[in-house]
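Here is a short tour of one protein, going from a few single residues out to the whole chain. Keep the viewer open and look for each residue as it comes up.

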Amino acid sequence: MGPPKTVRTISQEAFDEVVKENMEDLGMDPTEALQDAIQTLSLQGVDLSGIVKCVPGESSLKDNPLIQSLDRLKQLDLNSKDKFSDEDLNEMMGLFDKLIELCGGNEGSVNAAVATKNGGVELVCSICYKIRCGSKRVLDSCLKTMVLLVHDVQSTETFRTGGGPKLLVNILIDGNEDPEILNSGFAVVAASATGNEVVKESYMELKIDELILEILSRQRNDSIQSLYDAIRVLLTPDDDRVVASQVYGYARRFAKIGIARALVHSLHAGLSSPSLISASIALKAVAVNDEICKSVAENGGIDALLRCIDDSGLQGNKTVARICCSLLSKLAGSDSNKSAIIEKGGMDKLIVVSARFSDDASVLQEVMSIITVLSLRSPENAARAMEAGAGDLAIQAMLKFPNGQQLQRSSCFMIRNLVARNPENRKLLLSNGVEKLIRQAKENHEICKDAATDALRDLGLDDYNK
């Protein structure tokens with residue numbers, strides 16, 4: 001892990017003192033003194049997140065409704081030994097609801113930073129520990145509050161060093177029959193592991209993968225949407241401090257114990273399942289190598305995805321089409337899966353769905369991504385793609401979305417693979433004006449330069465570097 005970035009911070013007391021000095025020593029009025037303090041400290045690189053910006057004398061930290069709620073919760077926590085009375089629990093429900101309102105609204109990120117700086121994460125962990133086997137309603141509110149508080153690396157580190165991962169896994173084990181607790185709990189897993197490699201490692205050491213499999217293996221888990229988010233986050237290398245993430249190994253471990261197979265099972269219900277999109281995204285995160293991709297196909301994953309892609313077109317569901325095509329593109333990285341997709345009529349289904357969503361660049365981009373993968377080093381598949389209409393798809397997409405730089409680049413990638421080993425395809429595409437479109441993409445979009453140059457070269461044009 002690389003060295004942490006140095007960030008200058010300031011305490012609430014020091015900030016208030018700067019405002020006070022502006023008023024007393026420089027004769028500024030209260031509003032001017034406050035604004036000058038904020039501007040000066042910001043220019044000096046001081047992180048003011050978590051600071052309540054008020055004028056000393058006119059208002060104080062204690063007047064802030066967020067701080068008032070935290071202080072009352074602290075008092076209740078201190079007054080209790082190892083459990084809370086029913087009266088305390090009822091009051092805490094109202095206080096947590098207030099925190100959720102304050103940290104989840106328009107000023108949510110600002111208030112969450114204030115709560116974190118004033119001990120909110122440690123406080124909620126302490127209360128969760130005392131009520132984890134008690135009041136379900138209060139525990140659920142407690143977990144929902146925690147989701148909002150663990151919003152950056154500093155707060156997730158506070159959560160980790162305070163024993164948060166172990167506490168949370170114990171809560172999930174105790175409440176593994178309660179969908180609401182599971183949903184709120186896995187939402188905390190996702191929030192706390194985002195951008196923090198060490199928290200991910202903590203969860204894996206606590207064998208959270210085995211708990212996930214146990215819950216996935218049940219008949220019904222559609223109400224636990226955050227479970228899929230947790231899988232995705234645990235397997236995403238998103239910590240900039242880390243040179244080499246361990247998530248690839250975690251994905252292999254997930255697949256080895258059967259999580260990939262369980263996620264495929266979630267796809268078989270098709271568009272009727274509220275978990276289809278989340279499960280597809282999670283499965284894409286698990287499918288990190290050829291072996292796992294093949295196992296997904298062996299368990300009916302490709303059949304399920306092709307059905308979902310078909311149905312998404314019939315029902316006009318762009319999101320399902322895009323997400324399922326994205327997963328299919330990942331699975332197509334396996335050579336054996338390429339053959340399976342073609343044999344099951346996948347190329348024709350992709351062209352059909354692209355026609356149904358011809359106005360949606362994001363769907364077209366995913367379709368072209370799959371065809372690009374299927375055609376790579378495979379003249380047979382490239383020929384099949386042209387027969388199905390992939391050439392026309394590229395040309396129409398480039399004409400329709402001239403400003404869509406990602407789509408233009410995807411078109412260039414696909415064209416290159418369609419013609420690299422298929423000289424007969426070059427004549428067809430050139431006769432339909434593809435050269436002009438590729439040159440326009442190269443001239444208008446910086447990110448297209450390399451892809452466009454390669455496409456022009458493989459089309460057999462001598463001046464491809466121009």
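## E24 and its charged company

Is E24 buried or exposed? E24 counts as exposed, because its relative accessibility is 57% and the cut-off for exposed is over 50%. Bear in mind that you're looking at a predicted model, not an experimental one.

To find E24, go to helix 1, which covers residues 12–24. E24 isn't on its own out there: together with E17, E21 and D25 it makes up a patch of negative charge on the surface.

## S184, tucked away

Now jump to helix 10, which runs over residues 179–193 and holds S184. With a relative accessible area of just 6%, S184 is buried, because anything under 20% counts that way.

Who does S184 touch? Setting aside neighbours within four places in sequence, S184 is in contact with D140, L143, K144 and V147. F357 is another story: its C-alpha sits 35 Å from that of S184, and the two residues are 173 apart in sequence.

## A420, somewhere in between

A420 isn't in a helix; look for it in the loop that links helix 25 (405–419) to helix 26 (423–431). Its relative accessible area is 35%, so A420 falls between the 20% and 50% cut-offs and counts as partly exposed.

Which residues does A420 touch, if you skip those up to four places away in sequence? They are R426 and D458. You can also check A420 against G460: they are 40 residues apart along the chain, and their C-alpha atoms are separated by 9.1 Å.

## Zooming out

Time for the whole protein. Its secondary structure comes to 28 helices and 2 strands, and its C-alpha trace spans about 80 × 60 × 40 Å along the principal axes. Of the 466 residues, 50% count as buried, like S184. If you take the contacts with a separation of 6 or more, 71% of them join residues 24 or more positions apart.

What about the outside? The accessible surface comes to about 21,800 Å², and carbon and sulfur atoms account for 48% of that. On the charge side, the protein has 52 positive and 65 negative side chains. The centres of those two sets lie 7 Å apart.

Terms used
Residues numbered from 1 in each chain as written. Predicted model: local features only at pLDDT ≥ 70, side-chain atom pairs only at ≥ 80, totals over all residues. Heavy atoms only, no water. Patch = residues over 30% accessible without salt bridge, like charges linked within 9 Å, V, L, I, M, F, W, Y side chains within 5 Å. Areas by Shrake-Rupley, 256 points an atom, 1.4 Å probe, with all protein chains shown as cover. Salt bridge = Lys/Arg side-chain N within 4 Å of Asp/Glu carboxyl O. Lys, Arg positive; Asp, Glu negative; His and termini not counted. Charge placed at Lys NZ, Arg CZ, Asp CG, Glu CD. Helix = DSSP H or I, 4+ residues; strand = E, 2+ residues; numbered from the N terminus. Buried < 20%, exposed > 50% of the residue type's maximum accessible area, 1.4 Å probe, protein only. Contact = heavy atoms within 4.5 Å.
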